[in-house]
Amino acid sequence: MSDEILTLKEVAEYLKLAEKTAYRLALEGKLPGFKVGGSWRFQREDILKWIEEQKNKEA
């Protein structure tokens with residue numbers, strides 16, 4: 001399912017980051033996410049696009 005919604009913990013695990021780091025990146029607008037009732041949520045598709053953008057910045 002391409003529109004799967006992930007929690008902050010799941011995104012942190014997926015990106016191999018500390019939850020605190022993922023939270024900071026989301027709060028700063030550097031990681032694409034949105035809040036639902038005060039909790040961060042992320043679309044898997046947006047995270048995959050973000051990863052590609054990060055790879056292209058380094059190239």
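The legends below walk you through several views of a predicted model.

**Figure 1. The whole protein, with three helices and three strands.** Follow the chain along the sequence and you will meet the elements in the pattern β-α-α-β-β-α. The C-alpha atoms fill a box of roughly 35 × 25 × 20 Å along the principal axes. For 59 residues, a compact globule would have a radius of gyration near 10 Å, and the 11 Å of this protein agrees with that. Of the contacts with a separation of 6 or more, 47% join residues 24 or more positions apart. Buried residues make up 22% of the 59. The accessible surface comes to about 4300 Å², and carbon and sulfur atoms account for 51% of that area.

**Figure 2. Close-up of the aromatic pair, Trp 40 and Phe 42.** The structure holds one aromatic pair. The ring centres of Trp 40 and Phe 42 lie 6.1 Å apart and the planes meet at 20°, so the pair is stacked; the cut-off for that label is an angle under 30 degrees. Both partners are worth a look for their surroundings too. Phe 42 is buried, with a relative accessible area of 0%. Trp 40 also counts as buried, at 12% relative accessibility, because the cut-off for that class is under 20%.

**Figure 3. Close-up of the salt bridge between Arg 44 and Glu 4.** Side chains of opposite charge can pair when their charged atoms come close. Here the side chains of Arg 44 and Glu 4 meet with an N to O distance of 3.1 Å. The two partners are 40 residues apart, so this pair links distant parts of the chain. Arg 44 sits in helix H3 (residues 44–58), while Glu 4 belongs to the segment before strand E1 (5–7). Arg 44 is partly exposed, with a relative accessible area of 25%, and Glu 4 is partly exposed as well, at 30%. The structure holds five salt bridges, and the next two views show others.

**Figure 4. Close-up of the salt-bridge network of Arg 24, Glu 28 and Lys 30.** Three side chains share this view: Arg 24, Glu 28 and Lys 30 are linked in a network of salt bridges. Within the network, Glu 28 bridges to Arg 24, with the closest N and O atoms 3.6 Å apart. Glu 28 is partly exposed, with a relative accessible area of 42%. For Arg 24 the value is 39%, which also makes the residue partly exposed.

**Figure 5. Close-up of the salt bridge between Glu 52 and Lys 55.** This one stays inside a single element, helix H3. Glu 52 and Lys 55 are three residues apart there, which means that about one helical turn separates them. Their side chains meet at an N to O distance of 3.0 Å. Glu 52 is partly exposed at 39% relative accessible area, and Lys 55 counts as partly exposed at 47%.

**Figure 6. Close-up of a nonpolar surface patch.** Finally, turn to the uncharged side of the story. Ile 5, Phe 34 and Val 36 together make a nonpolar patch of about 250 Å² on the surface. Phe 34 has its place in strand E2, which covers residues 34–36. At 34% relative accessibility, Phe 34 counts as partly exposed, and so it passes the patch cut-off of over 30%.

Key. Residues numbered from 1 in each chain as written. Predicted model: local features only at pLDDT ≥ 70, side-chain atom pairs only at ≥ 80, totals over all residues. Heavy atoms only, no water. Patch = residues over 30% accessible without salt bridge, like charges linked within 9 Å, V, L, I, M, F, W, Y side chains within 5 Å. Areas by Shrake-Rupley, 256 points an atom, 1.4 Å probe, with all protein chains shown as cover. Salt bridge = Lys/Arg side-chain N within 4 Å of Asp/Glu carboxyl O. Helix = DSSP H or I, 4+ residues; strand = E, 2+ residues; numbered from the N terminus. Buried < 20%, exposed > 50% of the residue type's maximum accessible area, 1.4 Å probe, protein only. Rg over C-alpha atoms; globule rule 2.2 N^0.38 Å. Contact = heavy atoms within 4.5 Å. Phe/Tyr/Trp six-rings, centres within 6.5 Å; stacked < 30°, edge-to-face > 60°.
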